[in-house]
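The exercises below ask you to work through a structure step by step, with a solution after each task. Please keep the sequence and the model open while you read.

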Amino acid sequence: MLKIQNLTKQFGSLVAVNNLNLSVAKGETVVIMGPSGCGKSTTIRMINRLIEPDRGSVFVDGVDITGLDANTLRNMRKRIGYVFQHFNLINRLSAIENVMLGLVMGGQSKEAAYDKALAALAKVGMEQFKEHKPGQLSGGQQQRVGIARALAFEPELMLWDEPTASLDPMLVREVLVVMEELAKYRAATMLVVTHEIAFALHVADRIVLMEEGGIVESGIPSQVFVNPVSSVGCQYKELIEYQLNTSARTLAGQHVA
Ligand SMILES: Nc1ncnc2c1ncn2[C@@H]1O[C@H](COP(=O)(O)OP(=O)(O)OP(=O)(O)O)[C@@H](O)[C@H]1O
């Protein structure tokens, strides 16, 4: 479904992404993790050319999107859903109007767009809030509208760029539950950048660890987090062990020094 070859991006003298290669099979959920600044967002943004790569190719279903003209790219982007960290909803529009907007701009009738938008809002449990403006919704609800906006196009590939990073911790779960459902039913091929370790452990088919613009490790969660081979993988393993130990000690009623 997705094949990235030798993808490279430099900002001035900083090489943000360096000769990156990655393949994602149809229906697979791949989670990209790594320390802040290692190039995760730059990678995911190059996949639909929100950032233009300096070098390399991005094949979506065999078509190299780096070579496409603006019109063909626009059509290809309809097959790629993108969920941002910041929801980017339009405040003066209702939830359903936000979801409909891209469909109508893409040439669909208002009636068809309304039906698709309503179905997409239902998938994320937000149909009863369809007339609410973003300002009347919690962050988690706004992000679910953002997910519905991507789902309305029935994308074959969904890119998630830290979708829970702007959310209050209490609201993260509701978004992760929606993502987990989508992954479970293999509704789309999913490439997810996130710092949510529990989600990665539980939902990812494969975890890709990045450091300094490159992939340092890739494998199923139990392999990467239990028997890591990279220093980044070892750091995640230690973090998971620390969290488990701290939780266990706290539950056992011991004071955590
Ligand atoms: N437009 C830009 N101009 C200059 N430098 C940039 C730009 N975008 C990203 N960078 C730099 O490129 C590197 C990779 O950034 P990127 O956002 O891809 O990292 P990340 O792994 O997603 O980090 P985080 O987890 O903190 O979001 C960082 O050093 C960042 O400062």
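**Exercise 1. Locate Gly-67 in the chain, and decide whether Gly-67 is buried or exposed.**

Solution. Gly-67 lies in the loop that connects strand 5 with helix 2 (70–77). The model is a predicted one, and the next step is a count of neighbours. Around Gly-67 there are 10 other C-beta atoms within 10 Å, and a residue counts as exposed if that number is 12 or fewer. Gly-67 is therefore exposed. As a last step, take Ala-200 for comparison: Gly-67 and Ala-200 are separated by 133 residues in sequence, and their C-alpha atoms are 32 Å apart in space.

**Exercise 2. Work out in what order the four strands form the open sheet, and which strands stand at its edges.**

Solution. Begin with strand 1 (residues 2–11), which pairs with strand 2 in the antiparallel sense over seven bridges; within this pairing, Lys-9 has Val-17 in strand 2 as its bridge partner. These two strands form a hairpin with two residues between them, and Gly-12 in the turn has a positive phi of about 60 degrees.

Next, strand 1 is also joined to strand 4 by five bridges, again antiparallel, and here Ile-4 stands opposite Val-58 in strand 4. Strand 4 (residues 55–60) is in turn joined to strand 5 by two bridges, and this pair runs antiparallel as well; the bridge partner of Val-60 in strand 5 is Val-63.

Putting the pairings together gives the order 2-1-4-5 for an open sheet with antiparallel pairing. Strand 2 (14–24) and strand 5 (63–64) are the edge strands, and because each has a single partner strand, one side of each is left without a neighbour in the sheet.

**Exercise 3. Describe which residues surround the ligand, and which element gives the largest share of the shell.**

Solution. The shell consists of Phe-11, Leu-14, Ala-16, Gly-34, Ser-36, Gly-37, Cys-38, Gly-39, Lys-40, Ser-41 and Thr-42. Strand 2 and helix 1 (40–47) are the elements that contribute two or more residues to it, and helix 1 gives the largest share, with three residues. Sorted by class, the shell holds four nonpolar, six polar and one charged residue.

**Exercise 4. Establish how the chain is divided into domains, and how many residues of domain 1 and domain 2 are in contact.**

Solution. The chain is divided into domain 1 (1–79 + 155–220) and domain 2 (94–153), whose C-alpha centres lie 23 Å apart. At the contact between them, 11 residues of domain 1 meet 10 residues of domain 2. On the domain 1 side helix 6 gives the most, with four residues, and by class this side has seven nonpolar, one polar and three charged residues.

**Exercise 5. Identify which residues of the largest nonpolar core touch the most other members, and where the largest share of this core comes from.**

Solution. The core has 71 residues, among which Ile-32, Val-99, Ala-117, Leu-121, Ala-148, Leu-159 and Leu-191 touch the most other members. Helix 6 (residues 169–184) supplies its largest share, six residues, and the core draws at least three residues from each of domain 1 and domain 2. To examine one of these members more closely, leave aside residues up to four places away in sequence: Ala-117 then touches Ile-96, Val-99, Met-100, Leu-103 and Ala-152.

Note on methods
Residues numbered from 1 in each chain as written. Predicted model: local features only at pLDDT ≥ 70, side-chain atom pairs only at ≥ 80, totals over all residues. Core = buried A, V, L, I, M, F, W, Y, C linked by C-beta atoms within 7 Å. Buried ≥ 20, exposed ≤ 12 C-beta atoms within 10 Å, placed from the backbone. Domains from an automatic or database assignment. Contact = placed C-beta atoms within 7 Å. Nonpolar A, V, L, I, M, F, W, Y, C, P; charged D, E, K, R; others polar. Pairing = 2+ DSSP bridges. Near = placed C-beta within 6 Å.
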